[in-house]
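Got your viewer open and cartoon mode on? Let's take a short walk through this one, a stop at a time.

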Amino acid sequence: MNYVGVRSSNIEAVGYEEQSQTLGVCFHGGGEYHYLGVPRHVYDGLLSAPSVGRYFDGYIKKAGYPCRKIR
């Protein structure tokens, strides 16, 4: 998965794998998580959001997508 850097106090970079609809999120603290079943439009919204952290919290974390810790 290719990651792109984002401007956020908590999130360092995000990536997306189209075929599996997997969203990857790397945090500044070193954690990496994969969120499963995330539609492309949600990833696109994350990249264009004025606040990446708020968008992530409201549309990904609280939306209940299954998540697994990678590291």
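The tour goes from the sheet to a helix that packs on it. Keep in mind that you are looking at a predicted model.

**Stop 1: the sheet.** Colour the strands by number. You'll find an open sheet of five, in the order 1-2-3-4-5, with antiparallel pairing. Now pick out residues 3-5 (strand 1) and 67-69 (strand 5): these are the edge strands, and each has a single partner, so one side of each is left without a neighbour in the sheet. Going from one strand to the next, the twist averages 25°.

**Stop 2: one edge.** Select strand 4, residues 32-36, together with strand 5. The two run antiparallel and are joined by three bridges. Which residue in strand 5 is the bridge partner of tyrosine 33? Zoom in and you'll land on lysine 69.

**Stop 3: the helix on the sheet.** Next, select residues 40-48. This is helix 1, which packs on the sheet and touches strand 1, strand 2 (11-17) and strand 3 (22-27). Line up its direction with that of strand 2 and the angle comes to about 155°.

**Stop 4: two sides of helix 1.** Show side chains here. Val42, Tyr43, Gly45 and Leu46 are buried. They sit on the same side of helix 1, because they cover an arc of only 160° around the axis. Swing round to the other side and you'll meet His41 and Ser48, both exposed.

**Last stop: what the buried side meets.** Add helix 2 (52-61) to your selection. The buried residues of helix 1 pack against helix 2 as well as strands 1, 2 and 3.

Definitions and conventions: Residues numbered from 1 in each chain as written. Predicted model: local features only at pLDDT ≥ 70, side-chain atom pairs only at ≥ 80, totals over all residues. Heavy atoms only, no water. Pairing = 2+ DSSP bridges. Helix = DSSP H or I, 4+ residues; strand = E, 2+ residues; numbered from the N terminus. Axes fitted to C-alpha atoms, helices over the stretch in contact; angles between N-to-C directions. Contact = heavy atoms within 4.5 Å. Buried < 20%, exposed > 50% of the residue type's maximum accessible area, 1.4 Å probe, protein only. Arc of directions from axis to C-beta.
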